[in-house]
Amino acid sequence: MPQSDYVIEVDNLTKAYGKQEVLRGIDLKVTRGTMLALLGPNGAGKTTTVRILSTLLKYDGGTVKVEGYDVTDQADKVRSVIGLTGQSAAVDELLTGRENLVMMGRLYRLTADSAKARAQELLEEFDLLKAADRPAKTYSGGMRRRLDLAVSLIATPPVIFLDEPTTGLDPRSRLVMWDIIKKLMEKGTTILLTTQYLEEADHLADQIVVIDGGKVIAQGTAKQLKAKVGNDRLELVFKNTADFNAAVEALGKEVGDRNEKEFSLTVLIRDTNTDVKRTLETLAKHQIAIASMAIHKPTLDDVFLSLTGKQKQATEEDK
Ligand SMILES: Nc1ncnc2c1ncn2[C@@H]1O[C@H](COP(=O)(O)OP(=O)(O)OP(=O)(O)O)[C@@H](O)[C@H]1O
Ligand SMILES: [Mg+2]
């Protein structure tokens, strides 16, 4: 078996659909037993990257290896070590959940008995026992995602690709899915997960790569990225111009953005407790009343704004 330090290794990957360049030189490296989150907005190239990695799609340039196997020359080897789930799911709508699992087990060359046993195990683990004998087309979105993931785990592959596993799930189902993913990680599975949610990448991944317009625009740990993205912001709104002006004066250089017409301003906060407390104390000391206040966490939009210095839509022009 070929040896490599990285379980997933992508160098300078390019891909075009006709004249549209969709991937413009992507590099990714994932070490064994860790998770890399590929973070990006709609159309960034996440699914395209995952489909190439899982041998479902040809690419134009660069090298792509999984477990040291080349995805073009050794596609069979690659398929034997990966599980894939997500936007291009392998579930058959007409079969029941259990039938889907058993069928996939047989596809992976398990005996009939062990396919059945493994299916039962997964149905229990993914809380699908009650729905096990209903056709998959009757499943809710959340159940469907869980079945997707269960199907991809029938043969417990060492490498798994999860393409937006939680998009469209309600908050509770998202937490269930996070738990399932964490269990996979505890088993030492190497995972590449795509997501549009900074919070999800933050919560699960060891390493985050942000892509936009088919290019890597930032990478690092959640902590490193957040430091680049900026901190939480405290937004304060005042009742009138007098209070607003007094606040600007009292807070001095702590004031970030301001909007005179709306009597509002923001203060960057590093540590929520101490910074909010200090800001409020300063205002109280000057007897300035606040009409309303809110704390804003950095969003994916903030990431793009601070990383590219422009709104997302502008990236098409920088080719
Ligand atoms: N089969 C195809 N033919 C032509 N263009 C395509 C095809 N598949 C994807 N694209 C285009 O490639 C770009 C990247 O698509 P991709 O599906 O990889 O994005 P994504 O990051 O997965 O987005 P989403 O978050 O919406 O799933 C988009 O502009 C998309 O329109
Ligand atoms: Mg996609």
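**Figure 1. Surroundings of ligand 1 in the predicted model.** In this predicted model, ligand 1 is surrounded by 12 residues, of which Y17, N42, K46, T47 and T48 are the closest. Helix 1, formed by residues 46-53, makes the greatest contribution to this shell, supplying 3 residues. By character, the shell around ligand 1 consists of 8 polar residues, 3 nonpolar residues and 1 charged residue.

**Figure 2. The largest nonpolar core.** This core comprises 46 residues. The residues with the most contacts inside the core are I8, L36, A37, L53, V66, L192 and I208. Strand 3, spanning residues 35-39, provides the largest share of the core, namely 5 residues.

**Figure 3. The contacts of I208, and a separate core.** When neighbours within four places in sequence are left aside, I208 is in contact with A37 and L39, with A201, and with Q219, G220, T221, A222 and L225. I208 is itself among the residues with the most contacts inside the largest nonpolar core, as is its contact partner A37. Apart from that core lies another, made up of 18 residues. Its members include V91, V102, A119 and L123.

**Figure 4. An open sheet of 4 strands.** The strands follow the order 12-13-11-14, and their pairing is antiparallel. The edges are formed by strand 12 (255-259) and strand 14 (292-296), each of which pairs on one side only. From one strand to the next, the twist averages 20°. In general, the strands of a sheet pair through backbone hydrogen bonds, in either a parallel or an antiparallel manner.

**Figure 5. Strands 12 and 13, with the helix that packs on their sheet.** Strand 12 and strand 13 (residues 264-269) run antiparallel and are joined by 3 bridges. N259 has S264, in strand 13, as its bridge partner. Helix 10, comprising residues 272-285, packs on the sheet and touches strand 11 (232-237), strand 13 and strand 14. The direction of helix 10 makes an angle of about 140° with that of strand 13.

**Figure 6. The chain as the setting for the close-up views.** The chain contains 11 helices and 14 strands. Its C-alpha atoms fill a box of roughly 75 × 45 × 35 Å, taken along the principal axes. Of the 319 residues in the chain, 37% are buried. Among contacts between residues at least 6 apart in sequence, 68% join residues at least 24 apart.

Note on methods
Residues numbered from 1 in each chain as written. Chains lettered and ligands numbered in written order. Predicted model: local features only at pLDDT ≥ 70, side-chain atom pairs only at ≥ 80, totals over all residues. Pairing = 2+ DSSP bridges. Helix = DSSP H or I, 4+ residues; strand = E, 2+ residues; numbered from the N terminus. Axes fitted to C-alpha atoms, helices over the stretch in contact; angles between N-to-C directions. Contact = placed C-beta atoms within 7 Å. Core = buried A, V, L, I, M, F, W, Y, C linked by C-beta atoms within 7 Å. Buried ≥ 20, exposed ≤ 12 C-beta atoms within 10 Å, placed from the backbone. Near = placed C-beta within 6 Å. Nonpolar A, V, L, I, M, F, W, Y, C, P; charged D, E, K, R; others polar.
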